[in-house]
Structure formats: structure tokens, C-alpha cells
Amino acid sequence: MRVKHCLLIKNMKKFKVKTRERLYDRLIRGLSRIIKRKPKFINLNEGMELDGRDLPKQCMLIGNHNGAGGPYSFRTFMKRKRFMIWGAHPMCENYKSRRHYLYHTFYRQKLGWSKPRAKIMSWFFGSFSHIIYAHAGIIPTYTDGRLSRTFKYSFECLEKDVSVFVFPEDSSEGYKEQIEKFWPGFLHFAILYYKRKGEDLPIYTCYYHKKPKTIVIGKPLYVQELLKENSKEEVLEIFRTYMNSLREYAVEDNKK
């Protein structure tokens with residue numbers, strides 16, 4: 001077990017805050033915008049650019065997955081370039097780890113794909129997914145005590161005015177338009193941030209709707225303010241309910 005843990009550490013690259021875009025980042029972003037149609041933006045924050053480019057430098061954003069569409073669209077089309085994303089740690093490791101995660105967890109468990117289709121795509125995408133993740137700027141996340149490492153990296157980002165983007169939905173039974181459960185990692189981080197910095201970190205909730213192709217940016221919520229009258233479980237539910245409510249803005253706008 002100890003040897004396995006040492007190998008895991010060896011396979012992981014040293015974390016580095018992504019403070020600016022390089023040439024290959026701009027090329028990938030440009031190619032993506034040619035291939036995919038830009039979504040419509042609805043921003044509920046008055047006086048702010050629709051695509052969120054002028055969001056506060058030190059903030060956290062949370063969004064929905066909607067398959068791979070959410071992370072891809074937020075990263076590609078939101079013009080706030082200085083943010084990094086919480087992502088599953090196997091996707092930040094070697095080819096074997098990436099392929100295993102893609103096949104068993106992402107394609108089979110979450111998307112419900114057939115074995116042949118999942119195997120082919122895990123081999124194919126796993127071979128170059130590290131390039132995509134490097135472009136996106138990933139903070140590896142864990143389901144055990146190593147989550148403290150995720151928090152450490154997130155603090156490093158915010159200290160350099162790079163905001164953090166989290167996808168807190170429980171997708172163990174697949175990705176759903178109406179989010180049924182949130183994992184509390186982002187909430188625990190916001191609480192820890194307040195304890196260390198004495199500041200109530202603003203958290204902006206975003207929702208990506210595939211049909212109609214729309215991104216909705218909600219108003220900021222503040223954990224310490226909410227905790228004055230609610231338990232942690234109730235605060236988590238407030239965030240989940242708010243994210244689901246943003247979906248209705250996209251649906252209603254499409255009816256106009």
C-alpha cells in the first residue's frame with residue numbers, strides 16, 4: 001500500500017498556478033470556438049459584462065457538468081481567463097490512470113455508455129486528455145484526506161488573483177439537468193478561507209443549459225452570511241436550489 005502511494009506521488013506532476021494563457025492555450029481556445037457554437041449568456045449581476053470577464057479576481061464559481069458540456073463551455077466561452085478548475089485527480093496523472101477513470105467512471109458510470117464505445121473512447125481521449133487538462137488549468141480533487149491538498153492549491157490560486165471553479169454535483173448516477181445533490185467540498189473550503197483570511201469569499205453560481213445553448217451567471221452568495229441563520233446542510237441545499245433555479249432563466253429566455 002505504501003509503495004502504491006509512493007508511485008501515485010511519483011506519477012503526479014508538480015502543481016502550478018495558471019496565471020496566464022500561453023500560445024497553445026489561445027490556439028486550442030480559438031479552434032474550440034470554430035468547432036462549437038458560442039452559447040448565449042444571461043448575467044443576473046447588473047453592470048457586469050454578460051460573459052463574466054469582470055468577475056472579482058478573488059472569488060469561487062460553481063457550475064453544473066451537463067456531461068462534458070458544462071466544463072468545456074465555461075472554460076472556452078467565459079472570457080474570464082484567470083480561473084482554475086477542480087477536477088478528478090486521476091485525470092491529472094499518467095495514461096493508465098486517465099484511461100481507467102475515463103472508462104469505468106466517466107463513460108460507463110456517469111454517461112452510461114456501452115463497453116466497446118467506452119473502451120475505444122477511453123483509449124483515444126486518454127492519449128491526449130492531459131493536453132486538454134493542461135489548457136483548462138486543473139486543481140486535482142480527492143475523496144479522502146488528500147482533499148487538504150486541493151484546498152492548499154486553491155489558496156495558492158486565490159493568493160495570485162486566480163479564481164477557482166468547482167463542479168459540486170453528485171454525478172455518481174449520471175449527469176442531470178435538475179441537480180439532486182451537492183458534495184460539500186466547496187462549502188468546507190469557503191469556511192476555511194474565512195477562518196484564515198477573515199473574508200467571506202463570494203461564490204458565483206453558474207448554469208450551463210445544452211438546449212437552449214445558454215450560460216446563466218447568478219448573483220454571489222456568501223457562506224458566512226448564510227450560516228448565521230442556517231446549518232451547513234441547509235446552506236448546501238440553498239446553493240443547490242439556486243443552481244437549479246438558474247436553469248429556468250435559460251428555459252424562459254428561449255420561449256421569448
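**A few odd spots in a predicted model**

Okay, let's start in the loop between helix H7 (147–159) and strand E5 (163–166), which is where you'll find Asp161. Keep in mind that this is a predicted model. Asp161 isn't a glycine, yet its phi is positive, about 60 degrees. Is Asp161 buried, exposed or partly exposed? With a relative accessible area of 27%, Asp161 is partly exposed, because that class runs between 20% and 50%.

Now go to Asn66, in the loop between strand E2 (60–62) and H3. Asn66 also has a positive phi, near 50 degrees, and again we're looking at a residue other than glycine. Asn66 has 18% relative accessibility, so it counts as buried, since the cut-off for that is under 20%.

Follow the chain on into helix H3, residues 69–77. How many of the nine residues in H3 are buried? Eight of them, so I'd call this helix mostly covered. The buried set is Gly69, Gly70, Pro71, Ser73, Phe74, Arg75, Thr76 and Phe77.

Next stop, the loop between E6 and E7, and in particular Pro212. The peptide bond joining Lys211 and Pro212 is cis, with omega at about 5 degrees.

Right after that comes Lys213, which sits in that loop too, between strand E6 (202–209) and strand E7 (214–222). Here's the bit I'd like you to look at on screen: Lys213 is buried, but it has no salt bridge. Where is the nearest side chain of opposite charge? That's Glu177, and it's 12 Å away. A salt bridge needs the charged atoms within 4 Å. What Lys213 does have is a polar contact, side chain to side chain, with Tyr208 at 3.2 Å. And if you skip residues up to four places away in sequence, Lys213 touches Arg37, Pro39, Lys40 and Tyr208. So, by the charge convention used here, two of those names, Arg37 and Lys40, are residues that count as positive.

Last one, and this time we're on the surface. Leu31, Ile34 and Ile35 make up a nonpolar patch there, and together they have about 360 Å² of accessible area. Ile35 belongs to helix H2, residues 23–35. Its relative accessible area is 59%, so Ile35 is exposed, the cut-off being over 50%. As for spacing, an α-helix has 3.6 residues a turn, so residues three or four places apart point the same way. Have that in mind when you look at Leu31, Ile34 and Ile35 in the patch.

That's my tour, so over to you.

Technical notes: Residues numbered from 1 in each chain as written. Predicted model: local features only at pLDDT ≥ 70, side-chain atom pairs only at ≥ 80, totals over all residues. Heavy atoms only, no water. Patch = residues over 30% accessible without salt bridge, like charges linked within 9 Å, V, L, I, M, F, W, Y side chains within 5 Å. Areas by Shrake-Rupley, 256 points an atom, 1.4 Å probe, with all protein chains shown as cover. Helix = DSSP H or I, 4+ residues; strand = E, 2+ residues; numbered from the N terminus. Buried < 20%, exposed > 50% of the residue type's maximum accessible area, 1.4 Å probe, protein only. Polar contact = N/O pair within 3.5 Å; in protein donor to acceptor, adjacent residues only side chain to side chain. Contact = heavy atoms within 4.5 Å.
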